[in-house]
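Here are a few short exercises to help you find your way around a new model. Try each one yourself before reading the solution.

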Amino acid sequence: MSQLPPCPKCQSIYTYEDGALLICPECAHEWSATAQADESEKVYKDANGTILQDGDSVTVIKDLKVKGSSLVVKVGTKVKSIRLIDSDHDIDCKIDGIGPMQLKTQFVKKV
């Protein structure tokens, strides 16, 4: 018998196959066996759909207010050496004159 992967939601080892789907009897989660490999690596894309990677440089495409201050990140601000993170805001970076902050990928484009 082949070894089935544990449930991605509750990590139960009691998963079973039903056609093309894998099913967890403990939490009732259903997922595709082929889609599991694709979900392991998140792909980050900018506003134009270009794939981003750690260390890329991006440009801000919209004026962004900095929460908790009166500062604004202006359109065209170039951000160097971004770091991609798995969070609500996908980019961790340092902007000259403002300092460390996090940005969403939908508001930047790759340089």
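**Exercise 1.** Is Thr15 buried or exposed?

*Solution.* A word first: you're looking at a predicted model. Start with the cut-off, which is that a residue counts as buried under 20% relative accessible area. Thr15 has a relative accessible area of 10%, so Thr15 is buried.

**Exercise 2.** Find Thr15 along the chain: which segment does Thr15 lie in, and which residues is Thr15 in contact with, leaving aside neighbours within four places in sequence?

*Solution.* Step one is the address: Thr15 sits in the segment that comes before β1, the strand covering 16-18. Step two is the company. Once you skip the neighbours within four places in sequence, Thr15 is in contact with Leu4, Pro5, Pro6 and Cys7, and also with Ile23, Cys24, Pro25 and Trp31. For a distance to check on screen, pick Glu26, eleven residues from Thr15 along the chain: the two C-alpha atoms are separated by 8.6 Å.

**Exercise 3.** How many disulfides does the count come to?

*Solution.* Recall that a disulfide is a covalent bond between the sulfur atoms of two cysteines. The cut-off here is a pair of cysteine sulfur atoms within 2.5 Å. With that rule, the count comes to zero disulfides. Take Cys10: the nearest cysteine sulfur belongs to Cys24 and is 3.5 Å away, and Cys10 is in no disulfide. Now go from the other end: Cys24 is in no disulfide either, and the nearest cysteine sulfur to Cys24 is that of Cys10. As for their surroundings, Cys10 has 35% relative accessibility and so counts as partly exposed, whereas Cys24, at 1%, counts as buried.

**Exercise 4.** How many helices and strands does the protein chain have, and in what order do the elements run?

*Solution.* Count first: there's one helix, plus eleven strands. Then walk from the N terminus, and you'll read β-β-β-α-β-β-β-β-β-β-β-β.

**Exercise 5.** What is the radius of gyration of the protein chain, next to that of a compact globule of 111 residues?

*Solution.* Begin with the reference: a compact globule of 111 residues would come out near 13 Å. The protein chain itself has 20 Å. Next, look at the C-alpha trace, which spans about 60 × 30 × 20 Å along its principal axes. Finally, turn to the surface: the protein chain exposes about 7700 Å², with 49% of that supplied by carbon and sulfur atoms, and buried residues make up 30% of the 111 residues.

How values were computed: Residues are numbered from 1 along each chain as its sequence is written. This is a predicted model: local features need pLDDT of at least 70, side-chain atom pairs count only at pLDDT 80 or more; totals for chains, interfaces and linings use all residues. Side-chain values use heavy atoms; hydrogens and water are left out. Buried means under 20% relative accessible area, exposed over 50%, partly exposed in between (1.4 Å probe, protein chains only). Helices (H or I, at least four residues) and strands (E, at least two) are DSSP runs, numbered from the N terminus. The radius of gyration is taken over C-alpha atoms; the globule rule is 2.2 Å times the number of residues to the power 0.38. Accessible areas come from the Shrake-Rupley method with a 1.4 Å probe; for residues, only the protein chains shown count as cover. Contact means heavy atoms within 4.5 Å.
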